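User: I'd like to learn how to read the features of a fold, one at a time. Could you walk me through this one?

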Amino acid sequence: MTRPFEGIRVIDVTHVLAGPFATYQLAVLGADVIKVEHPDEPDQSRSNGTDKALNRANMGTSFLTQASNKRSITLDLKREADRTILKKLVATADVFVENYRPGAFEALGLGYEALSAINPRLIYASFSAFGQGGPRREQTAYDHVIQATSGIMAMTGTEDVHPIKFGSPAIDYATGMTGAFALASALFQRARTGRGQRIDMAMLDVAMILMSSHLTGYLRNGAHPKPHGNRHPHATNSAYPTKDGLLMLGASNLRQQRRLWTVLGRPDMIKRSNEEREADRDREAAVLSEILLSRSAAEWEDFLQARRVPAARVRTMGEALADPQVATRGVIHRHEGTAALDGSFGVPLAAFTFAHGGPRIDTAPPTLGQHDAEVFAELGLADTRFATPVIATSDAH
């Protein structure tokens, strides 16, 4: 079945994480994503990851994560000839995505105004730390710097140990997903209006949206979000030790807390309002701590889930990936080795499925410049940039 973005060409001049992750969402849904990298300074994610041998080969696991279904070409955009090639490519494209410092592409003559003059239907997206406008526009950052800047780090951790950074670069990934949504929206809009679009994506903006309920609460009464760690304001919605590990309870609402106390044989602890729960939190936590030590975390998870009480033992990544549920959902795609990589490896595919024409991986992550000749030929160009010069010889004796 035809996937949503088949026939859509995306020029991906991004690096590291948020930008490449956004274009990856379109790639698995059928878009022809052409990744543009500097021949001598490729995407730094190529040299990052858990496998040092792959890092040295410019195929690090950080790059593999979000490069399937893409084609790779190399251009040095400081060279006028290569900028001309990029412009020819833009003329054939639907989407152009970059994530360099604001103003950098304008300085190269590759800003929105210049490229939309070549292709008025072009959707041009710029990803940056702080956005294209404002007093911080030229400042740079990575995920952890935005976590510190936004306030999200200050609210993470425990009362005694904070601020703490997230374990994963969640803001980068959220920016990529938000960016993919923005690109899809712009493509839908263009189908109705025929006009291109300019998208300004800022990591700081995404971080603020990720704290939406906390943000609204602060704007209402000035209450700073506090780091609670595994301790939720409601005792039935927190983590507790068991015989062999932590169990996270998720009896969040009044109906669920009533069900929890009932199946634990403590109907006397049932509360009629959230205010009652908050007032009696310490006593509830003490009772739960004592009860939950009587079984293993896995036993409690099975017992409570069977009785429709949300609960889970705290797993490692390896344990989570071994869960049969993950295998049934198709979240992971396994490549069975490539010309560039020995052995199989797995990458994330998508966090949703379609009944037909859904996300799919067709090709392995490309080596640097793997598709130079192919893409140049599509443009009617010969790639002579790296040819060895022919030295003329004289017939004179």
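Analyst: Gladly! Helices here are DSSP runs of H or I with at least four residues, numbered from the N terminus. By that rule, alanine 184 belongs to helix H8, which spans residues 170-193. Keep in mind throughout that this is a predicted model.

User: Is alanine 184 buried, partly exposed or exposed?

Analyst: The general idea is a pair of cut-offs: buried is under 20% relative accessible area and exposed is over 50%, with partly exposed in between. Alanine 184 has 26% relative accessibility, so it counts as partly exposed. For the chain as a whole, 42% of the 397 residues count as buried.

User: How far apart are alanine 184 and phenylalanine 5, in sequence and in space?

Analyst: They are separated by 179 residues in sequence, while their C-alpha atoms are 8.8 Å apart. On the scale of the chain, take the contacts with a separation of 6 or more: 66% of them join residues 24 or more positions apart.

User: Now the sheet. In what order do the strands come, and is the pairing parallel or antiparallel?

Analyst: Generally, strands of a sheet pair through backbone hydrogen bonds, in either a parallel or an antiparallel way. Here six strands make an open sheet, ordered E3-E2-E1-E4-E5-E6, with parallel pairing. Strand E3 (70-74) and strand E6 (197-202) are at the edges with a single partner strand each, so one side of each has no neighbour in the sheet. On average, neighbouring strands are turned by 20 degrees against each other, direction ignored.

User: How many bridges join strand E4 and strand E5?

Analyst: Four bridges link E4 (residues 95-98) to E5 (residues 123-128), in the parallel sense. To find one of the pairs in the view, start from valine 95, whose bridge partner in E5 is isoleucine 123.

User: Which strands does helix H4 touch?

Analyst: Helix H4 (residues 80-90) packs on the sheet and touches strand E1 (9-13), strand E2 (32-37), E3 and E4. Its direction makes about 150 degrees with that of E1. Helix H9 (residues 203-210), in turn, lies across E5 and E6 and runs at about 65 degrees to E6.

User: And what does the chain look like as a whole?

Analyst: Its secondary structure amounts to 17 helices and eleven strands. Along the principal axes, the C-alpha atoms fill a box of roughly 105 × 50 × 45 Å. The chain exposes about 21000 Å², with carbon and sulfur atoms supplying 54% of that area. As for charge, there are 44 positive and 44 negative charges, and their mean positions lie 6 Å apart.

Key:
Residues numbered from 1 in each chain as written. Predicted model: local features only at pLDDT ≥ 70, side-chain atom pairs only at ≥ 80, totals over all residues. Heavy atoms only, no water. Pairing = 2+ DSSP bridges. Helix = DSSP H or I, 4+ residues; strand = E, 2+ residues; numbered from the N terminus. Axes fitted to C-alpha atoms, helices over the stretch in contact; angles between N-to-C directions. Contact = heavy atoms within 4.5 Å. Buried < 20%, exposed > 50% of the residue type's maximum accessible area, 1.4 Å probe, protein only. Areas by Shrake-Rupley, 256 points an atom, 1.4 Å probe, with all protein chains shown as cover. Lys, Arg positive; Asp, Glu negative; His and termini not counted. Charge placed at Lys NZ, Arg CZ, Asp CG, Glu CD.
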